[in-house]
Amino acid sequence: QVQLVESGGGLAQPGEDLRLSCVASGLTFDTQAMSWARQAPGKGREWVAGIYSDGSDAFYTDSVKDRFTISRNNAKNAVYLQMNMLKPEDTARYYCAPGLLPNHITDFTSWGQGTQVTVSE
């Protein structure tokens, strides 16, 4: 059974930075692409970024390009999301999931509890 534990969220002011972490178990992490997704209140879950299993390349949704960076440490079964220059519209609960691109996580069901990011003055 896949288990995902996200952490690192919190309250930030616009322009500040946060770093999210996700530790995974129950899967062969070093052969699995991973993604971050988010869900804002009243909205559907939105894919944010994905990274190849070896970390060789990553992809981002347009709204976070040049501000967010996804990375991973396969020795720790961990994937990270460095979020810089945060904006109020980044406010959401953030989740990690196995998969690289939006269509790869559509049917995923074993979501963790997520970590809340709130960006406000």
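Here are five short exercises with worked solutions on the structure above.

The model is predicted, so local features need pLDDT of at least 70 and side-chain atom pairs count only at pLDDT 80 or more, while totals for chains, interfaces and linings use all residues. Residues are numbered from 1 along each chain as its sequence is written, and side-chain values use heavy atoms, with hydrogens and water left out.

**Exercise 1. The disulfide**

Find which cysteines are joined by a disulfide, and work out its handedness.

Step 1. A disulfide is a pair of cysteine sulfur atoms within 2.5 Å. The structure holds one: Cys 22 is joined to Cys 96, with 1.8 Å from S to S.

Step 2. Now look at the torsion about the S-S bond. For Cys 22 and Cys 96 it is about 45°, so the disulfide is right-handed.

Step 3. Place the two ends on the chain. Strands (E, at least two residues) and helices (H or I, at least four) are DSSP runs numbered from the N terminus. Cys 22 belongs to strand E3 (residues 18–25) and Cys 96 to strand E9, so the bond ties together parts that are 74 residues apart in sequence.

Step 4. Check the surroundings. Buried means under 20% relative accessible area, exposed over 50%, and partly exposed in between (1.4 Å probe, protein chains only). Cys 22 is buried at 0%, and Cys 96 is buried at 0% too.

**Exercise 2. The sheet around E3**

Give the strand order of the open sheet that contains E3, and name the strands at its edges.

Step 1. Strands pair if DSSP finds at least two bridges between them. The order is E1-E3-E8-E7, four strands with antiparallel pairing.

Step 2. Strand E1 (3–7) and strand E7 (68–73) each have a single partner strand, so they stand at the edges with one side left without a neighbour in the sheet.

Step 3. For the twist, axes are lines fitted to C-alpha atoms (for helices over the stretch in contact), and angles run from 0 to 180 degrees between N-to-C directions. Neighbouring strands here are turned by 15° against each other on average, direction ignored.

Step 4. Zoom in on one pair: E1 and E3 are antiparallel over five bridges. Glu 6 has Cys 22 in E3 as its bridge partner, and this is the cysteine from the disulfide.

**Exercise 3. Strand E5 and its two hairpins**

Describe how strand E5 pairs with E4 and with E6.

Step 1. Strand E5 (residues 45–51) is mostly covered, with five of its seven residues buried.

Step 2. With strand E4 (residues 34–39), E5 pairs in the antiparallel sense over six bridges. Five residues separate the two strands of this hairpin, and Gly 42 in the turn has a positive phi of about 75°.

Step 3. With strand E6 (residues 58–60), E5 is again antiparallel, over three bridges. Ala 49 has Tyr 60 as its bridge partner in E6. This hairpin has six residues between the strands, and Gly 55 takes a positive phi near 75°.

**Exercise 4. Salt bridges of Arg 38**

Which acidic side chains does Arg 38 meet in salt bridges?

Step 1. A salt bridge is a side-chain nitrogen of Lys or Arg within 4 Å of a carboxyl oxygen of Asp or Glu. The count comes to four.

Step 2. Arg 38 meets Glu 46 at 2.8 Å, N to O. Arg 38 also stands opposite Glu 46 in E5. Glu 46 is partly exposed, at 31%.

Step 3. Arg 38 meets Asp 90 at 3.0 Å, N to O. Asp 90 lies in the loop between strand E8 (78–83) and E9, and Arg 38 in strand E4, so this contact ties together parts that are 52 residues apart in sequence. Both Asp 90 and Arg 38 are buried.

Step 4. Put it together: Arg 38, Glu 46, Arg 67 and Asp 90 are linked in a network of salt bridges.

**Exercise 5. Tyr 95 and its ring partners**

Describe the geometry of the pair formed by Tyr 95 and Trp 111.

Step 1. Rings of Phe, Tyr and Trp (its six-membered ring) pair if their centres lie within 6.5 Å; planes under 30 degrees apart are stacked, over 60 edge-to-face, and the rest tilted. The whole structure has three aromatic pairs.

Step 2. Tyr 95 and Trp 111 are 5.8 Å centre to centre with 75° between the planes, an edge-to-face pair.

Step 3. Ring pairs link Tyr 95, Phe 108 and Trp 111 into a cluster. Tyr 95 is buried, at 10%.
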